[in-house]
Structure formats: C-alpha cells, structure tokens
Amino acid sequence: MPSLGDFPSASFASQAVIITGANAGLGKEIVKHLISLGASKVIFACRSHSRGTAAKRKIEELLKCGSDIIEVWELDFDMLPRLVAVYGTDRTLALIPKLEQTARVHRATPRMTTVASALYDVAEYPKHGDVDLFA
C-alpha cells in the first residue's frame, strides 16, 4: 500500500496533463491532486463529453479553480483506426516522440505515467446503471 510520500508532491505549475477516464474514479482523483499541485492545464480525455463536462464543473466548484484550467476532449478509442500500446508489454508508445521533443525544446523532463489494475480482467461488477461505484 503506498504511503502519502509516494504520491506526486512537486509543483505542476506550467505543466499540461492529459488524463484518460478523468470524469470518474481514480482518474477524477488524480485530476484533483494535480490541480492542487498547480497544474496549469488538465485535459480530460473522456468517451462522453457531457459526463466529462459535468465532472469538470464539480471539480471547479470543489477546488475553486478557474474554468480555463480543465478542458474536456471527447476521445473514443473504438473510433481510432490504430492505437499503439495502450496496454501490454510493447512500450513503443506513440507519445514518446512528442515527449522527446518537449524535453529538447523546453529543457524539461516530461513524464508519462500509467495507472492501472490487472484485476479489471477478472473483476465482476454488478450492474448499477449510472451509479458511480467509486463514490
């Protein structure tokens, strides 16, 4: 079990962060934490623009942050003709060239973090409609 010291605590000022699944569960909690660390732009990559927008409003109200910090981008992975290594052992990710460019141009150390659980493969969740199981 991680201790509080294992979570990011460095400033995220002037940083842009893209988070998939940011409108609920773990993704939503990560958003709140990064905004509290000063992230200047957090992009919600969500399958549902309306649910992403609703989560955006709730977080803005809760954290009292400006409406220009969070952007909601609709992203449905099923609509993409090809996506490189979202899950699996192949770590040749399409984001790496952009991260390398950012490092060169801005003399910064970009980071890519994957947060996931292998249990989703075997977990069985009861059907609850639109109820947030993580609430």
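**Notebook: strands, helices and one lysine**

I began at F44, whose bridge partner in β3 is V72. I was working with a predicted model, in which local features need pLDDT of at least 70 and side-chain atom pairs count only at pLDDT 80 or more, while totals for chains, interfaces and linings use all residues. Residues are numbered from 1 along each chain as its sequence is written, and side-chain values use heavy atoms, with hydrogens and water left out.

**The chain as a whole**

I then looked up the secondary structure and found three helices and three strands in the protein chain (DSSP runs numbered from the N terminus, H or I of at least four residues for helices and E of at least two for strands). Followed along the sequence, the protein chain shows the pattern β-α-β-α-β-α. Of its 135 residues, 23% count as buried (under 20% relative accessible area, with exposed over 50% and partly exposed in between, for a 1.4 Å probe and protein chains only). I also noted that, among contacts (heavy atoms within 4.5 Å) between residues at least 6 apart in sequence, 61% join residues at least 24 apart.

**The sheet**

How are the strands of the open sheet ordered? I read the order as β1-β2-β3, three strands with parallel pairing (two strands pair if DSSP finds at least two bridges between them). Because β1 (16-20) and β3 (70-74) each have a single partner strand, they stand at the edges, and one side of each is left without a neighbour in the sheet. Neighbouring strands of this sheet are turned by 20° against each other on average, direction ignored.

Checking the pairs, I found five bridges between β1 and β2, and V17 stands opposite V42 in β2. From β1 the chain crosses through α1 to β2, and this β-α-β crossover is right-handed (clockwise from the first strand over the helix to the second, with the strands pointing away from the viewer). Strand β2 (residues 41-46) is in turn joined to β3 by five bridges, and the two run parallel.

Along β1 I followed the alternating side chains: V17 and I19 point to one face and are buried, whereas A16, I18 and T20 point to the other and are not. I looked at T20 more closely, and with a relative accessible area of 46% this residue is partly exposed. Its C-alpha atom is separated by 4.6 Å from that of A45, although T20 and A45 are 25 residues apart along the chain.

**The helices over the sheet**

Helix α1 (residues 25-36) lies across β1, β2 and β3 and runs at about 165° to β1 (axes are lines fitted to C-alpha atoms, for helices over the stretch in contact, with angles from 0 to 180 degrees between N-to-C directions). Helix α2 lies across β2 and β3, running at about 170° to β3.

**K56**

Is K56 in helix α2 buried or exposed? With a relative accessible area of 14%, K56 is buried, and its helix, α2, spans residues 49-63. Leaving aside residues up to four places away in sequence, I found that K56 touches F44, S67, I70 and V72. The K56 side chain also reaches the backbone oxygen of I70 at 3.3 Å.

**Cysteines**

Finally I checked C46 and C65: C46 is buried at a relative accessible area of 1%, and C65 is buried at 16%. The count of disulfides comes to zero (a pair of cysteine sulfur atoms within 2.5 Å would be one).

Technical notes. A polar contact is a pair of N or O atoms within 3.5 Å; within protein, one must be able to donate a hydrogen and the other to accept it, and residues adjacent in sequence count only if both atoms are side-chain atoms.
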